[in-house]
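Please look over the structure shown here, with attention to its charged pairs, its cysteines, its nonpolar core and one of its helices.

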Amino acid sequence: MGTEADAAAVDLLRSQIPSQTDGELVLPTRGVGLVLVDLCNGFCTVGAGNLAPVAPNKQISKMVEEAARLSKLFCDRNLPVFAFLDTHYPDKPEPPYPPHCIIGTGEENFVPDLEWLEKEPNVTIKRKSCIDGYISCIEKDGSSVFVDWVGKYQIKTVLVLGICTDICVLDFASSTLAARNIDRVPPLQDVVIYSEGCATYDLPVEIAMNIKGALAHPQDLMHHIGLYMAKGRGAKVVDRVVI
């Protein structure tokens, strides 16, 4: 966040709303699915668009690295992967955000390190046009691509990685857990968020105050809040994923 005072403020908040992790997730050999949220250029590749990082970012780079590692592990074991890619049409804005991930720009596609997923037979790709991936999967007839995926592979645990921790990841987790609680996503039991595999964007207050309509969004702080809120919705948060 740039200054010692900023770091102290984050430490104070963490002491007041601590987000203790649930340790590690030991991957089972079946009944588990990997969900990737918006690992696309428009959010992750430097200079790729209005909501992309303007400079290399350690948190985002770590997320992409972990997403690539775990995706390969799942594909090597022929375990199911569900990947959301934020994709919008130019005539359908998504306030309060500026235009982003417009179809045809390349922003809506996988980051280079994950492009290979497009050819993997165990990967289901869903282009979503709204923040909440769970809602984006609901078809006009009431069916759901995501619910069908969970049922097809008899998934009891979904491991969630992606961006932004406090926006798209949180919304997907919250809706999925709410649906689970009323038996709408059988046989799903657990939504597990991998903290090291998630990231959010950075818009410090000193920059936001000079942008009309912008809300400050300090990265470390909002990442922490996103994980804290997810636990409050019933998600498990782990900081290690092991075989």
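The briefing below takes these topics in turn.

This is a predicted model, in which local features need pLDDT of at least 70 and side-chain atom pairs count only at pLDDT 80 or more, whereas totals for chains, interfaces and linings use all residues. Residues are numbered from 1 along each chain as its sequence is written, and side-chain values use heavy atoms, with hydrogens and water left out. Helices (DSSP runs of H or I, at least four residues) and strands (runs of E, at least two) are numbered from the N terminus. Buried means under 20% relative accessible area, exposed over 50%, and partly exposed in between, for a 1.4 Å probe and protein chains only.

**Salt bridges**

- Across the whole structure, a search finds nine salt bridges, each defined as a side-chain nitrogen of Lys or Arg within 4 Å of a carboxyl oxygen of Asp or Glu.
- Lys128 pairs with Asp38, their closest N and O atoms being 3.0 Å apart; because Lys128 lies in strand β4 (residues 123-128) and Asp38 in the loop between β2 (32-37) and α2 (41-44), the pair ties together parts that are 90 residues apart in sequence.
- Both partners of that bridge are buried, Lys128 with a relative accessible area of 1% and Asp38 with 0%.
- Within helix α3 (residues 58-76), Glu66 and Lys62 are four residues apart, about one helical turn, and their salt bridge has its closest N and O atoms 3.9 Å apart.
- Glu66 is buried at 5% relative accessible area, while Lys62 is partly exposed at 32%.
- Lys72 and Asp76 form a salt bridge at 2.8 Å, N to O, and these two residues of α3 are likewise four residues apart, separated by about one helical turn.
- Lys72 is partly exposed, with 48% relative accessibility, and Asp76 is exposed, with a relative accessible area of 57%.
- Glu24, Asp239 and Arg240 are joined into one network by salt bridges that share partners.

**Cysteines**

- The search of the whole structure finds zero disulfides, a disulfide being a pair of cysteine sulfur atoms within 2.5 Å.
- The sulfur of Cys137 has its closest cysteine sulfur in Cys130, at 8.7 Å, which is too far for a bond; Cys137 is buried, at 0% relative accessibility.
- Cys164 is also in no disulfide, with the nearest cysteine sulfur, that of Cys168, 6.4 Å away, and Cys164 is buried at 10% relative accessibility.

**Nonpolar core**

- A nonpolar core is a set of buried Ala, Val, Leu, Ile, Met, Phe, Trp, Tyr and Cys residues joined through side-chain atoms within 4.5 Å; the largest one here has 67 residues, and those with the most contacts inside it are Val35, Phe146, Leu159 and Ile193.
- Helix α3 gives the most to this core, with nine residues.
- When its neighbours within four places in sequence are left aside, Val35 is in contact (heavy atoms within 4.5 Å) with Phe82, Phe84, Phe146, Trp149, Val158, Leu159, Val160, Leu161 and Phe172.

**Helix α8**

- Helix α8 (residues 219-233) has 15 residues and reaches 21 Å from its first C-alpha to its last, close to the 21 Å expected at 1.5 Å a residue, where the expected span is 1.5 Å times one less than the number of residues.
- The buried residues of α8 include Gln219, His223, His224 and Leu227.
- Gly234, just after α8, takes a positive phi of about 110°.
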